[in-house]
Amino acid sequence: MAEQEPALRLDVPRAEALAYATDLIARAWESFDQARPGQPPVDEALRVALAAPIALGPTPVLQALQEAAVVLDHSLAQPRPRYFAFVASSGLEIAVLGDALAACHDVNLAVVSGAADLVEKQTIEWLGQAFGYPVATGTFSSGGTVSNMTALSAARERALPGSRNNGLSGRPCALYASADVHESVKRAAELLGIGRDHVRAIPIDANRRMRADACAAAIDADRAAGVAPIAVVATAGTTLTGAVDPLDALADVCEQRGVWLHVDGAYGLPAALVASHAPLFAGLARADSVTVDAHKWLFVPKACGVLMVREAEWLERAFTHDATYVPHEPGEQDSVDRTLEYSRPFRALKLWLALRVHGLAAFQAAIERNLSEARLFADLVKERPELELLGEPELSVVPFRHVATGRDLDVHNRALAAALRGDGRVYVSGADIDGTACLRPCFVNFRTSDDDVRVLRDVVLELGAKLA
Ligand SMILES: Cc1ncc(COP(=O)(O)O)c(C=O)c1O
């Protein structure tokens with residue numbers, strides 16, 4: 001018998017590599033405990049090293065790990081306590097370990113995969129219990145963009161049965177959303193053949209919430225003109241200002257007209273876990289589908305989006321298929337029969353571990369803390385005549401601007417946003433609200449302290465004065 005070739009081994013000196021990687025992670029966590037004075041610039045030597053061509057031969061593992069650590073140290077880490085830009089993730093420690101374990105086993109949740117399926121199901125059920133949403137089924141995704149797209153695929157199939165097979169055949173259809181809806185909904189409209197110009201920008205009220213009466217009128221006008229309504233997308237926490245659309249009133253509008261109600265709570269839904277803010281989300285249980293991103297305000301690292309639906313049927317009708325290379329046992333369903341993605345990592349594990357290790361109450365306390373930081377920041381802004389608050393915070397986004405006499409304030413605040421980025425002591429993104437340039441810090445990090453909030457205000461005052 002011919003001698004068997006041994007398998008090609010691509011492993012590392014395990015004890016050494018693990019000890020080194022563990023040390024790198026421990027050092028990163030320690031560095032996230034306090035704010036950093038500034039972000040190290042990507043210098044010329046690093047740029048040159050990172051433009052080097054591919055090597056045929058190996059690099060010693062500890063050296064390569066150290067190189068990776070240098071890259072990460074020179075990259076913007078959102079878990080740092082003074083990162084207030086966009087809607088950030090804060091890299092919860094237990095969830096980082098969950099990610100490492102999930103990557104190690106590399107289970108594929110495209111197809112039936114054993115206990116991992118049960119963890120995904122259980123975690124979705126836990127979220128349903130926590131948010132008071134009667135979840136029938138759901139899926140983990142790469143984030144709000146894919147969750148919204150997935151929900152709207154199901155809505156399209158309910159509104160226009162068979163459209164996944166036949167296409168829209170020129171049939172005009174529309175989505176209804178607040179003027180402040182997240183761009184991902186417009187992308188979904190593009191990809192689903194609805195068309196981004198058919199996302200009706202429903203007028204908003206003084207608190208930037210979608211007006212339910214205007215939404216009803218838009219649907220009725222479209223129906224009368226032969227346009228098929230696919231779904232109303234209510235935002236539960238807009239990215240721009242944190243406004244929560246009136247879910248109960250929109251559920252009435254949808255119920256009366258037989259239109260799908262999707263709630264995009266990618267950013268804001270976790271505030272429903274806090275007693276003071278739960279009333280804002282009344283009516284959530286009536287939605288057909290709900291998006292929430294655990295990689296935003298449930299603190300776990302990216303990517304960890306969740307979609308929950310009230311009836312399993314439409315997700316299945318939108319995605320079930322018979323690919324010859326994914327054979328089914330009779331009656332058996334794979335995840336690909338209700339999700340957009342095929343290869344799917346075990347994203348639920350990090351959230352499941354985080355909920356196990358900390359318990360729901362710890363999440364509620366951390367979210368409550370962020371809400372109080374937003375209020376503190378609003379008060380700090382109001383204390384100073386050089387700063388202008390652009391509305392009381394509904395959740396944890398606090399848009400405001402710096403006021404400098406004799407300057408065009410939009411030009412000034414855009415320059416200030418750039419100056420803050422260059423300075424690196426605090427990170428805050430700029431935005432435009434109805435053409436008014438502002439800064440919009442978002443407080444979603446469990447590492448942030450009241451002191452960090454004060455520093456944010458003071459650094460803005462300092463750099464704003466320099467530019468004035
Ligand atoms: C309300 C809302 N929806 C959707 C998204 C998109 O989520 P993701 O970036 O995870 O795809 C965001 C991102 O900030 C958001 O704030």
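Student: How do the residues of the shell around the ligand divide into nonpolar, polar and charged?

Tutor: Keep in mind that this is a predicted model. The ligand is surrounded by 13 residues, and Gly143, Gly144, Thr145, His182 and Ala266 are the closest. Gly counts as polar here, so the split comes out as three nonpolar, eight polar and two charged.

Student: Okay, on to helix α5. Which residues in α5 are buried?

Tutor: The cut-off is 20 or more other C-beta atoms within 10 Å of a residue's own. An α-helix has 3.6 residues a turn, so residues three or four places apart point the same way. In α5, the buried ones are Ala116, Val119, Glu120, Thr123, Ile124, Leu127, Gly128 and Phe131.

Student: What residue follows α5, and what's its phi?

Tutor: Helix α5 covers residues 115–131, and its 17 residues reach 24 Å from first C-alpha to last, close to the 24 Å expected. Right after α5 comes Gly132, with a positive phi near 70°.

Student: Which are the edge strands of the open sheet?

Tutor: Its seven strands have mixed pairing and run in the order β1-β7-β6-β5-β4-β2-β3. An edge strand pairs on one side only, which here gives β1 and β3.

Student: What angle does the direction of α5 make with that of β7?

Tutor: The cover over the buried residues of α5 includes β1, β6, β7 and α13. Helix α5 packs on the sheet, where it touches β1, β6 and β7. Its direction relative to that of β7 is about 75°.

Student: Which residue in β6 does His262 stand opposite?

Tutor: Strands β5 and β6 run parallel, joined by three bridges. Opposite His262, in β6, stands Ser289.

Notes: Residues are numbered from 1 along each chain as its sequence is written. This is a predicted model: local features need pLDDT of at least 70, side-chain atom pairs count only at pLDDT 80 or more; totals for chains, interfaces and linings use all residues. A residue is near a molecule or strand if its C-beta atom, placed from the backbone, lies within 6 Å of it. Helices (H or I, at least four residues) and strands (E, at least two) are DSSP runs, numbered from the N terminus. The expected span of a helix is 1.5 Å times one less than its number of residues. A residue is buried if 20 or more other C-beta atoms lie within 10 Å of its own, exposed if 12 or fewer, and partly exposed in between; C-beta atoms are placed from the backbone. Two residues are in contact if their C-beta atoms, placed from the backbone, lie within 7 Å. Two strands pair if DSSP finds at least two bridges between them. Axes are lines fitted to C-alpha atoms, for helices over the stretch in contact, and angles run from 0 to 180 degrees between N-to-C directions.
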